[in-house]
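User: I am new to this entry and would like to be guided through its metal sites step by step. Could you show me the model before we begin?

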Amino acid sequence: MTKVTTLGQFIIEKQADFPYAKGELSRLLRDIGIAAKIVNREVNKAGLVDILGDNGTTNIQGEGQKKLDVYADGQFISALRSGGECCVVASEEHDDCIFIESEISRDAKYIVCIDPLDGSSNIDVNVSVGTIFSVYRRTSKEGRVQLGEVLQKGTQQVAAGYVVYGSSTMLVYTTGKGVNGFTLDPSIGEFCLSHPNMEIPQNGTIYSINEGNYIKFPQGLKDYIKYCQVEDQATSRPFTSRYIGSMVADVHRNLIKGGVFLYPTTSSHPQGKLRLMYECNPLAFIIEQAGGKASNGSSRILETPPEHLHQRTPIFIGSTQMVEKVEEFIRLAETETQPVG
Ligand code: AHG
Ligand code: MN
Ligand code: MN
């Protein structure tokens, strides 16, 4: 019989690696794992219960919220609230931070940024969706945690992870010592270690971008897409285009197979579309830990100074050599448009 390692066992076994308060981060990750199982249960029976469709509300970004967006948000916040390790949550679904001020959270040291349900447009059509989370330590010792403490650079993350609710449900996380993936075994209701020490191939042949926006892309991106489509045996081109529309699922596939996910600035989203604090930073931390790269076109996503919770950024993330090629095309197009002299 093969040995099964559950997420809970693995977290405890690895907690000696954590630089700080060991038991507390373990408990926080365990709480997120439990909430993920509850959300998974609802995602799985969507269609049978009244949980599909619009919620009739909008978030701060003017995006219509789905019922499952609101449900997932509620589950993760309530798990973090009752766990007692988290003092503040920043969620895609709330304009402002949620301060947790209960008796058990008095000494809580962790800050969580979360996209409770990523890929909303896929919810109603039975296509993979996900959850993305990022964990920071608070920097002050006591008193009410300040907004400035939430707006830390991605390099300060102590843990990050995602869950993909797909053909199987997986939780993938890092605490800065490599990346490990766990598949939910529904027969025992546990996430079990299935992908130890995940490493992204240094190069790949998949590019993932919403090509319908082509006309709105900057010139460097247009040039890169054309490069992907040219026939060249030496570099295995033309590349394969794969775009699910749930960032978490697109990045997960490229982590396993090798590839690049691109969401550039566009004429309608001049700052980019995806959010730094709860989409780009956690996935950048994971991909870097797996040996890949995440860039905004010229510098590392994790070095971006955050100015507000719902800040957007362009992102190019995945196999190192592919991300570097995108950067090269962006640089080239920018030099060509520079006035001479
Ligand atoms: P969310 O559902 O959390 O708002 O995120 C949707 C994001 C991301 O998951 C996806 O990659 C991207 O939006 C898709 O955007 P387009 O429809 O513009 O391609
Ligand atoms: Mn999202
Ligand atoms: Mn979302």
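The questions and answers below deal with the metal sites of this predicted model.

User: Which residue bridges the manganese ion (ligand 2) and the manganese ion (ligand 3)?

Analyst: The protein donors of ligand 2 are Asp115 (OD), Asp118 (OD) and Glu279 (OE), which lie 1.8 to 2.1 Å from this manganese ion. For ligand 3 the protein donors are Glu92 (OE), Asp115 (OD) and Leu117 (O), at 2.1 to 2.2 Å. The two manganese ions are 3.7 Å apart, and the residue that coordinates both is aspartate 115.

User: Is aspartate 118 buried or exposed?

Analyst: A residue counts as buried when its relative accessible area is under 20%. Aspartate 118, a donor of the manganese ion (ligand 2), has a relative accessibility of 5%, so this residue is buried.

User: How are the donor residues of the manganese ion (ligand 2) spaced in sequence?

Analyst: The donors to be placed along the chain are Asp115, Asp118 and Glu279. Written as a pattern, their spacing in sequence is D-x2-D-x160-E.

User: How many residues apart in sequence are glutamate 92 and aspartate 115?

Analyst: Both residues are among the protein donors of the manganese ion (ligand 3), whose donors follow the spacing E-x22-D-x1-L. Glutamate 92 lies in the loop between β3 (86-91) and β4 (98-99), whereas aspartate 115 belongs to strand β5 (residues 110-118), so the pair ties together parts whose separation in sequence is 23 residues.

Terms used: Residues are numbered from 1 along each chain as its sequence is written. Chains are lettered from A and ligands numbered from 1 in the order in which they are written. This is a predicted model: local features need pLDDT of at least 70, side-chain atom pairs count only at pLDDT 80 or more; totals for chains, interfaces and linings use all residues. Side-chain values use heavy atoms; hydrogens and water are left out. Donors are N, O and S atoms within 2.8 Å of the metal (3.2 Å for Na, K and Ca); water is not among the atoms, so sites may look incomplete. Buried means under 20% relative accessible area, exposed over 50%, partly exposed in between (1.4 Å probe, protein chains only). Helices (H or I, at least four residues) and strands (E, at least two) are DSSP runs, numbered from the N terminus.
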